[in-house]
Amino acid sequence: MKFRTEDIMPPPVLRLLREAAEYLGPPDFLNLGQGVPGHVPPKRALAMLEERMQHPSVHRYTPDQGLLELREELALFLRQNEGIDADPETELVITAGANQALTGAMLTLLEHGQNVVMPSPYYFNAVMSVHLCGGEVRTMPVDSEFQPSAEALRKSIDENTRAVLLISPNNPTGAVYRRDHINEILDACLEHELFLVFDESYARLVYDGAEHYSPRSRKDALDHVVSMGSLSKDFGMSGWRIGYIIGSSAFVDEFLKFQDSATICAPTAGQMLALEILKSSVDEIEYELKQLGLMRELAYLRVNEIDALQTVRTQ
């Protein structure tokens, strides 16, 4: 019996974990696998959620788009921190993580056989999402600092290209894409009537003076930019499955067809926890991000001691 998904790559993380299992015991084994936060959600927010757990609303569906109060708080947070203006009622949807947002975006945008251009090296789940939706992937090269360029993009698109996917700060390289590079790529998307799908799940994880820039802040390109993000890493809540997607109201109307069919809504308790963090505990998140920066420095020092590895310090 044949399955439709047989030609799609399986998640490599699962195979790597199986093969690494025999090495997990020794203290000198270093796991560089799946990215999970080292901190948990702030105690104050967890305590406030615990007080609400007996209320029936915690155990019921929310609207497909997510709790309106959460969308309003998140829209304010994104405006203050990323320069993104999103109408919480018509342009912003809470999703079950950024991966769900990405797959939903691909289903919403792609016709069978159309392709998406993305820089290589790439995030494996991005390729899986495109293939699951009946699309193809075309890759474009990056420079020695892992930065993509409009010139490389123009050489990679063809008559079947529908969208360009960028992840910045990048998974897997860690590179923070420069503002001028992103704008030049966006100009090329406008020129060729392409969507720019922009994953900014790691927007707060920028160091060494780097600056995160969101193309969703460009007022002349709002109809061509679909942005998404996740609260998993910076809020320490990867298991609660909360992300978001931002697009034009026309895009959101179509995306909600996928949302309702796939999950109806993001997990209600996770939405409430995210809301409590945004309202009361952002200062604790800032502290954890600073601690993560210190751990990053330590990681560079230790990796540089391994003769068999060559490291590139991305920015």
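Which residue is the bridge partner of D199 in β6? In this predicted model, that partner is M228. The pair belongs to the junction of β5 and β6, two parallel strands joined by four bridges.

Both strands are part of an open sheet with seven strands and mixed pairing, arranged in the order β1-β7-β6-β5-β4-β2-β3. The edges are formed by β1 (92-95) and β3 (136-140); each has a single partner strand, so one side of each is left without a neighbour in the sheet. On average, neighbouring strands of this sheet are turned by 20° against each other, direction ignored.

Two helices can be placed against these strands. Helix α7, residues 179-191, lies across β3, β4 (161-167), β5 and β6, and runs at about 145° to β5. Helix α8, residues 249-262, lies across β1, β6 and β7 (243-246), and its direction is at about 20° to β1. Strand β6 is thus a convenient landmark, as it is crossed by α7 and also by α8.

The loop between β5 (195-199) and β6 (225-230) holds D208. With a relative accessible area of 33%, D208 is partly exposed, because this value lies between the 20% limit for buried and the 50% limit for exposed residues. Leaving aside residues up to four places away in sequence, D208 touches R296, E297, R313, T314 and Q315. Two of these contacts involve polar pairing of side chains: the side chain of D208 makes a polar contact of 3.3 Å with that of R296, and another of 2.9 Å with that of R313. As for R179, 29 residues away along the chain, its C-alpha atom is separated from that of D208 by 16 Å.

Conventions. Residues numbered from 1 in each chain as written. Predicted model: local features only at pLDDT ≥ 70, side-chain atom pairs only at ≥ 80, totals over all residues. Heavy atoms only, no water. Buried < 20%, exposed > 50% of the residue type's maximum accessible area, 1.4 Å probe, protein only. Contact = heavy atoms within 4.5 Å. Polar contact = N/O pair within 3.5 Å; in protein donor to acceptor, adjacent residues only side chain to side chain. Pairing = 2+ DSSP bridges. Axes fitted to C-alpha atoms, helices over the stretch in contact; angles between N-to-C directions.
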